Structures are given as C-alpha cells and as structure tokens.
Amino acid sequence: MATRRDALALAAALAALTLTPGAISTASADPVKIRIGWSTMPGHLIPVLYSKPDILKHYGKSYTVEPIRFRGSSPQITAMAAGEIDMAAFGPLVLALAVTNAHLDVKVVADIIQDGVNGSHSETFLVRADSGIEKVTDMKGKRVGTNAIGSASDTAMRAMFRKNKMQDKRDFTMVEVAFPNIPAMLDEGKIDLGTVLQPMSKQLLDTGKYKVLFTSADAMGPSQLVFLAANGKFLDANRAALMDFFEDHVRAVRWFTDPKNRKEAIKIIADFMQQPPDSLSYLFTKEDYYRDPFMVPNVKSIQDSIDIAVDLGLAPRGIQVSPEHVDLSFVKEAQKRIEAGQ
C-alpha cells in the first residue's frame, strides 16, 4: 500500500505543479494563424512572400499564414465580416464600405501597391487597336469590363468617364468581368474597354493589337491602389505575434524588390503563376507598381480616393480616414527592427 500511496502523492504533486504559473516550463503557444485575402498576382505578392524560410525570422514560431484568393477587393468585405479572413487587400472605397455598410472594425495597416508614383506603372485601360476608339468619348454606346463595382480600378475608370461628362447606363454599359477574363472578352468583342493588369497589359501591348485609352493616373493622379487592411479585434488580440509577422512581411517584400535578388524573385513568382520568367520581365522596374520600401501606405491618397468615389455616387457616404481606421504601428516597428539589424 505504501507504494500506491507514494505514486498517488507524486501524481498529485505533478498536477499541482502544472497548475502553478511558472512552476515548470510549459509548451509554447501555437503560432497565430493569419488568413490573408488577395486577388491579383504578381501585384499583391502575398501568396509568395512566405515561400523563402531563410528570410523569415518568425514564420512557424509565432505565426503562420494562409493566403486566400478572391476576385477583387469587394468580396473580401463579406469574408472578413463572416470571420473567414483576418486581413484583406482593400481598395480605398472598399475600406469605406467595410466601415459604413458592414460596420467592421477594420484598420489600414500596410501598403501593397501604389499607382503612378514617381513614374511607376499606372493601371491600364485597353481597347483593341482596330476598334476605332481614339478618345474616351468614343466609348458612347460601348461596353466596359470592370472586375468589381467599387474596386480601385472601377473607381478610376468612372472618374475618367466623369471627366468626359459620361455616365454608366446612360452613355455606356458596365459588365463585371474577373481580371483574368478581360483580355479574352476584349479579343472576342464582348467588351470594348477593360482593365488589364500586368503582366498581361505589357504582353497585349507588345502584340500591337491593343492600345491604352487611358491610365488610372490620367483619371486620378498617383494613388494608393491597394493596401493591407486588418480586423481591429484580431490586431488587438495578437499584437505580439503580428509585430513578428509584419517584420517578416516587410523583410520579404524588401527581399523580393531588391535588385540583387531580382532573378530569383522572378523565378519564384513565375513558378507560382505557372508562367515563363521572361513574361514577367517588367517586375520590379518602372513598368511595375510602386511599393513603399517599408510598406507604409499613403493615407492621404486613400482619403482622396474615397472622396472621389463618393462624389461619383459609388457609395452614399464616405469616411474620414482617422486614427480609428489606421494602425501603422506594425510597419513602423518592422522598420525599426530592420534598420536596427535585429
């Protein structure tokens, strides 16, 4: 019986230790899973940023990432509202709609791509070269392909039409078409104008069969085209892990955009997209979108774009992009860590 009593006493002592904070070393918490929405590659880069473990200090330790693809920015509002994603690739108007219509606690946290900054690429709106369309007013009675109503490219397109005193339904017809399908729809004559992203924009222009009618910069000037937005409650609940995530996120973007890594970076992206590397020769040049070196978004540009979208009637009201809707502490901390060489 003594042996049994000793065994019971030992079990009780071990149980007590496990309930006493700091009594024994506990297993580290599981990494925080971060579900991130994205819609276009290679512009957003999100699906490949976590593919090189040697440039990530914290991946698999304090966090992991699950990239989730969407057709555009707008559908990500619904996904965030349903708790299906924690971060999203939003355009400016989508941020306003997420706050005013979906009543989400959502914050701008990082840059993704900016349009027309310092002579960088601006989103192109193409027509067929043989279409006879030479100016925006030639689009009267024509069909326009847009990836999603209220997206950043949709807003720019409508801004250009408004400059030319043209309105949807009265002067032209809008057709929602996913980005990858727009070139085929143009080629088949099912639409007369469409937003064509890189690398397809360059590829189509190189054939001589297409031409740029206007760019986003022509319509709105340089702009914050897409940015990373996050669920505010998720940020608050996982701040330490997300500081690690953003350090890695910024390091990864800087690695991909560093000229000395360009060949390898393009190969990683080409393999993901199942395209030959030569088709991505524009990447990380002036023919590509601008990315801030520390992923700091242009908040003023976001506000300007929202104001334009509301003026266009794409939303009944906008928002003032105040500190309530922005949290740059993560990218600022990432910059400090990187510059300190940590």
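Let's start at a proline: Pro 42 sits in the loop that connects strand 1 (32-38) to strand 2 (63-69). The peptide bond between Met 41 and Pro 42 is cis, with an omega of about 10 degrees. Keep in mind that this is a predicted model.

**The loop between strand 1 and strand 2**

Another residue to look at here is Leu 45, which also belongs to the loop between strand 1 and strand 2. Leu 45 isn't a glycine, yet its phi is positive, at about 65 degrees. Most residues other than glycine have a negative phi, and most peptide bonds are trans. Is Leu 45 buried or exposed? Leu 45 counts as buried because its relative accessible area is 1%, while the cut-off for buried is under 20%.

**Two similar cases elsewhere**

There's a second cis bond further along the chain, running from Gln 198 to Pro 199, with omega near 5 degrees. Pro 199 is found in the loop between strand 8 and helix 6.

Met 295 is another non-glycine residue with a positive phi, this time about 60 degrees. You'll find Met 295 in the loop that links helix 10 to helix 11 (299-311). Met 295 is buried too, with a relative accessible area of 2%.

**Stepping back**

How many helices and strands does the protein have? There are 12 helices and 10 strands. The C-alpha trace spans about 100 × 45 × 40 Å along its principal axes. Of the 342 residues in the protein, 54% are buried. If you take the contacts between residues at least 6 apart in sequence, 77% of them join residues at least 24 apart.

**A five-stranded sheet**

Now for the sheet. Here 5 strands come together in the order 7-6-8-5-9, forming an open sheet with mixed pairing. Which strands lie at the edges? They are strand 7 (173-176) and strand 9 (210-215), each pairing on one side only. On average, neighbouring strands of this sheet are turned by 35 degrees against each other, ignoring direction.

Within the sheet, strand 5 (residues 124-128) pairs with strand 8 (residues 193-196) in the antiparallel sense, over 3 bridges. One place to spot this pairing is Phe 125, which stands opposite Thr 195 in strand 8.

Helices lie across these strands as well. Helix 4 (residues 152-163) crosses strand 5, strand 6 (143-146), strand 7, strand 8 and strand 9, and runs at about 150 degrees to strand 6. Helix 6 lies across strand 5, strand 8 and strand 9, at about 130 degrees to strand 9. Pro 199, met above, is in the loop just between strand 8 and this helix 6.

**Pockets and cavities**

Rolling a probe the size of a water molecule over the atoms shows where empty space is left. Here's how three of the spaces in this model are lined:

| Space | Volume | Nonpolar lining residues | Polar lining residues | Charged lining residues |
|---|---|---|---|---|
| Largest pocket | about 380 Å³ | 11 residues | 5 residues | 1 residue |
| Second largest pocket | about 280 Å³ | 5 residues | 3 residues | 5 residues |
| Largest cavity | about 180 Å³ | 9 residues | 10 residues | 1 residue |

The largest pocket has a volume of about 380 Å³. Its lining takes in 17 residues, and those closest to the centre are Met 41, Arg 69, Pro 180, Met 273 and Gln 275. Met 41 is a residue you've already met, as the partner of Pro 42 in the cis bond. Helix 6 (200-207) and helix 10 (262-273) are the elements that give two or more residues to this lining.

The second largest pocket is lined by 13 residues. Nearest its centre lie Thr 257, Phe 284, Tyr 289, Tyr 290 and Arg 291.

What about closed-off spaces? The model has 3 cavities of 30 Å³ or more. The largest cavity holds about 180 Å³ of space. Of its 20 lining residues, Thr 40, His 44, Glu 123, Phe 179 and Val 226 are closest to the centre. Which elements give two or more residues to the lining of the largest cavity? They are helix 4 and strand 10 (223-231), and helix 4 is also the helix that lies across strand 6.

How values were computed:
Residues are numbered from 1 along each chain as its sequence is written. This is a predicted model: local features need pLDDT of at least 70, side-chain atom pairs count only at pLDDT 80 or more; totals for chains, interfaces and linings use all residues. Side-chain values use heavy atoms; hydrogens and water are left out. On a 1 Å grid over the protein atoms alone, a cavity is a set of points where a 1.4 Å probe fits but cannot get out, and a pocket is an open set with protein on both sides within 12 Å along at least five of seven lines; lining residues have an atom within 4 Å of a point. Grid points are joined across faces, edges and corners, and a volume is the space filled by probe spheres set on the points. Helices (H or I, at least four residues) and strands (E, at least two) are DSSP runs, numbered from the N terminus. Ala, Val, Leu, Ile, Met, Phe, Trp, Tyr, Cys and Pro count as nonpolar, Asp, Glu, Lys and Arg as charged, and the others, Gly among them, as polar. Two strands pair if DSSP finds at least two bridges between them. Axes are lines fitted to C-alpha atoms, for helices over the stretch in contact, and angles run from 0 to 180 degrees between N-to-C directions. Contact means heavy atoms within 4.5 Å. Buried means under 20% relative accessible area, exposed over 50%, partly exposed in between (1.4 Å probe, protein chains only).
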